[in-house]
Amino acid sequence: PSTLRRGFLALFLFLFASPFLPLRAQVPNDARQLVVAVTDDWDTFLATLWRFERTGPGASDWRVVGGPVPAVFGKNGMAWGRGVAGEGLPGRQKQERDGRTPAGIFALGRIYTMDPALPPGSNYPFYRVTDADAWPDDPNNPSYNRLVTIPDPAARPPWWKRQRMKTEDWAYRWLVEIRHNSDPIVPGAGSAIFFHIRRGPHKPSSGCTTMAVNDLVSIVRWVRADARPHYVALPRREYAARQAEWRLPALPAARP
């Protein structure tokens, strides 16, 4: 009888409980575009970036379609971020103003631009940034790590000027949202993480992934919403250790 009971319990868990168990952390099966950037270690800000596509759900289905190109991370390297995979793993966790780029797997969100349209050939959801827009990075702000739009200048709160989106800054001409700390938002876990134009080949960011303008435009023109683009950022050793579990593509040997 005990064997029979165990059998019924196993059947119950399979039929009813398993749909509610957390999904295994990995690149989603329906993601067909992937940006990958790796560094030599946790504390460096110089990275190498590739773009991959696949036609099937397997890790072996990925093929390189762009790169390698140089990228620049936060001035203090990387720390585990909050996204599809990486949150809560042993090691340093991303915090606001720590100067580190989030490590892990992340979905890509909208593109934010000062321009009325994306570069020719693009086909991706975007938002045109104006002087009415801000993206608060203060953990005490109820609108932390999200877009806030207040058209009426008289209605803008005291924090507005410091945390508005900088429409005059050429480095932010295109911002590709990296959905770190977005689902849900945790105050203080890091905000405003994007791909954007680098300020120089050896000038680190505050935590974003930056690159030369032509390389960023290539990503903007390439991404498609129905391909569910994702981003992976890791040190090389961590990438190798998690490649099979997270179903990541094999990295080419070449560097930029």
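Over the face of which residue does R51 lie? In this structure, which is a predicted model, R51 is placed over the face of W222, at 5.0 Å from the ring centre. A second arrangement of this kind involves R199, whose charged end sits over the ring of W170, 5.7 Å from the centre of that ring.

Aromatic rings also meet one another. A search of the whole structure finds 8 aromatic pairs, and one of them is formed by W80 and W246, which are arranged edge-to-face with 6.3 Å from centre to centre and 70° between the planes. This pair links distant parts of the chain, since W80 belongs to strand β4 (residues 78-80) while W246 belongs to helix α4 (residues 236-246), and the two are 166 residues apart. Both W80 and W246 are buried. Another edge-to-face pair is made by F195 and Y231, with 4.7 Å between the centres and 80° between the planes. Here too distant parts of the chain are linked, with F195 in strand β10 and Y231 in strand β12 (residues 230-235), 36 residues apart. As for their surroundings, F195 is buried, and Y231 is buried as well. Besides these pairs, one aromatic cluster is formed by Y112, Y127, W135 and F194.

The helix that carries W246 can be followed a little further. The buried residues of α4 are E238, Y239, R242 and W246. Because these residues cover an arc of only 95° around the axis, they are on the same side of α4. On the other side of α4, the residues R237, A240, A241 and A244 are exposed. As a general point, an α-helix has 3.6 residues a turn, so residues three or four places apart point the same way.

From the helix, the reader can turn to the largest pocket, which has a volume of about 780 Å³. It is lined by 36 residues, and those closest to its centre are D137, Y172, A192, S206 and C208. Three elements give two or more residues to this lining, namely β5 (101-113), α2 (160-163) and β10 (194-197). Of these, β10 provides the largest share, with 3 residues. What is the character of the residues in the lining of the largest pocket? They divide into 13 nonpolar, 10 polar and 13 charged residues.

One of the residues closest to the centre of the largest pocket, A192, also has a backbone feature to note, for its phi is near 55°, a positive value in a residue other than glycine. A192 is found in the loop between β9 and β10, and at 22% relative accessibility A192 counts as partly exposed. The loop between β9 and β10 also holds N181, whose phi is likewise positive, near 55°, although N181 is not a glycine. Is N181 buried or exposed? With a relative accessibility of 0%, N181 counts as buried.

P184 is also placed in the loop between β9 (174-178) and β10, and the peptide bond that leads from D183 to P184 is cis, with omega near 0°. Another cis peptide bond joins G67 and P68, where omega is about 5°, and P68 is found in strand β3 (residues 62-72).

The last stop is the loop between β4 and β5, which contains E96 and Q93. E96 is buried, with a relative accessible area of 17%, whereas Q93 is partly exposed, with a relative accessible area of 27%; the assignment of E96 follows because buried means under 20% relative accessible area. Each of these two residues can be set beside a residue that is remote from it in sequence. E96 and S191 are 95 residues apart in sequence, yet their C-alpha atoms are 6.7 Å apart in space. Q93 and A189 are 96 residues apart along the chain, and a distance of 8.0 Å separates their C-alpha atoms.

Key:
Residues are numbered from 1 along each chain as its sequence is written. This is a predicted model: local features need pLDDT of at least 70, side-chain atom pairs count only at pLDDT 80 or more; totals for chains, interfaces and linings use all residues. Side-chain values use heavy atoms; hydrogens and water are left out. On a 1 Å grid over the protein atoms alone, a cavity is a set of points where a 1.4 Å probe fits but cannot get out, and a pocket is an open set with protein on both sides within 12 Å along at least five of seven lines; lining residues have an atom within 4 Å of a point. Grid points are joined across faces, edges and corners, and a volume is the space filled by probe spheres set on the points. Helices (H or I, at least four residues) and strands (E, at least two) are DSSP runs, numbered from the N terminus. Ala, Val, Leu, Ile, Met, Phe, Trp, Tyr, Cys and Pro count as nonpolar, Asp, Glu, Lys and Arg as charged, and the others, Gly among them, as polar. Rings of Phe, Tyr and Trp (its six-membered ring) pair if their centres lie within 6.5 Å; planes under 30 degrees apart count as stacked, over 60 as edge-to-face and the rest as tilted. Buried means under 20% relative accessible area, exposed over 50%, partly exposed in between (1.4 Å probe, protein chains only). A charge sits over a ring if NZ of Lys or CZ of Arg is within 6 Å of the ring centre and within 35 degrees of the ring normal. The arc is that of the directions from the helix axis to the C-beta atoms.
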